[in-house]
Amino acid sequence: MVQKAALDTLVSVSLSSGYKSFDQMLSAHFRYIIEVFSLELQGPFFIQSEEQLREQAVCFYSLHTIVRFILKDRVEESGQARGVDRSNDLDDETEFMVLIDMMQTINDWFNKNFKKSVIDLVKLMVVPLGMLQVFKGCTEYIDSLLQLHMKAHQNTYIDKKLVLSSDTLSRLINTMKRTMLTNSIFLSTPDLKLQREACDLFVTCFHLLSTVQRYTKDSKNDTTIDLGNPLFETLSKYWFPLQSRFQAIAQSFIDMDKNSDIARIHLGLLLSSLLNMISTLSELCDGFITDRFQNTIFPHMSKLLNLMLHNVEEMNRGSTASGDRLLRKEDVIVLNALLDCIRRVFSADGSHLSAMVPVVGSIILPFIGLDGDSGLSAMEATKALVRVDSDCLWRALLEASGTGIPARRLLPLPVQNSPKQTNTKSCFSRRCLEIIQFVNELPEQEIFY
């Protein structure tokens, strides 16, 4: 009730002040709001009681919501301005610095009060959750601005182009490193929701560092910027703890009692975030994750996939239902995340993982027959595999579709590959036929050694 009354009041104030919406008023005054918030955190006192922490919790609770609305609107407005009018470019670097300073202030506040006793901060969950969401919102906004500037640099008809100074970019990289260090502390807290927020923040940080690298590369003709390779520097530092966290959570999900529904759902959501991070790294870092995925990640993924298949077979014995309805909610979340990870990893780095296609294909092929999103995800993952090597799964697809192996091998290839009439009209067979048709339409593939 209090929140609704406050929002209604702010909407009335924004309309009375001549703004079209409350979001527009927030966007117009976002610097003032951030500066007030930063001043609040720069107080000289140390937090010594839970009451003082609750007072500052209001700032985080409000700010992460404000940042989400403000920065989204400003990215959209900035994107529209890039195509028509670039008169606001001179203010963009100032916006970078305002957000960088705010993130540094939050890091200083955390180090001053809670670095040695983070458990005290976790007691009031709204503070760390709000803090991580503020970091995430600012990181996504800076990433979007950099990408907009990179697109603007490609438009030769635009005369005014903002080139961020090397000092600004260096401060941004150092701030991201501090933010990731703070974030890594929350990755080891006992709260699973907080761990998931930490994983999502790692993903946005890796995205931003990748964008910074591409931006500096594109800007070399305009200014001398030599900032090294911040993405791989941070990745080499955090990969092992992230990998260990994935392995531990995967094993916990396998071992946990199925009757613990709430805990398994939170574990499943955390696994989904970790798998999304692995997929993102495979797309951002060419070749970095190849050996690591094959030797340390996929063995645990195969255990999870075998668990999913066992659950489907177990629940199918006494049920007439099929597909996702056979699985628990948390199992569906994990299965879809596993299949999506396989699709993205092999789409991004498949040429280095061609030896894994037969093994991965034989594991995920049974899931094609599931109804719902899981079956469709399995189809897309299989298509990613056959793009790398279609021969490894060709025989299995022919058998599973009901087409069978051609008896007369000297027939022309199009005749051999044409689907035969079959009485089987199951979802599994239809989707196998669709994949066969997809393979037939693929261009001639390169042979990978």
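Q: What is pLDDT, and which mean does the chain reach?
A: pLDDT is the predictor's confidence in each residue, given from 0 to 100. The structure shown is a predicted model, and 68% of its residues score at least 70. Averaged over the chain, the pLDDT is 76.

Q: In which helix of the chain is confidence lowest?
A: Helix 13, residues 329-349, stands at the upper end, where confidence is highest, with a mean of 91. Over residues 410-424 the pLDDT is below 50, although the model gives this stretch 15 contacts beyond near neighbours in sequence. Where pLDDT is low, the predicted coordinates should not be read in detail. The lowest mean, 44, belongs to residues 413-417, which form helix 17.

Q: How many contacts beyond four places in sequence does the model have for residues 78-91?
A: Across residues 78-91 the pLDDT stays under 50. For this stretch, the contacts in the model beyond four places in sequence number 22.

Q: How many helices does the chain have, and what percentage of its residues count as buried?
A: The secondary structure of the chain includes zero strands, alongside 18 helices. Taking a residue as buried when its relative accessible area is under 20%, the share of the 449 residues that count as buried is 48%.

Q: Within what arc do the buried residues of helix 14 fall?
A: In helix 14, which spans residues 357-364, the buried residues are V357, V360, G361, I363 and I364. An α-helix has 3.6 residues a turn, so residues three or four places apart point the same way. Seen down the axis of helix 14, its buried residues line one face of the helix, because they fall within an arc of 165°.

Definitions and conventions. Residues numbered from 1 in each chain as written. Predicted model: local features only at pLDDT ≥ 70, side-chain atom pairs only at ≥ 80, totals over all residues. Heavy atoms only, no water. Helix = DSSP H or I, 4+ residues; strand = E, 2+ residues; numbered from the N terminus. Buried < 20%, exposed > 50% of the residue type's maximum accessible area, 1.4 Å probe, protein only. Contact = heavy atoms within 4.5 Å. Arc of directions from axis to C-beta.
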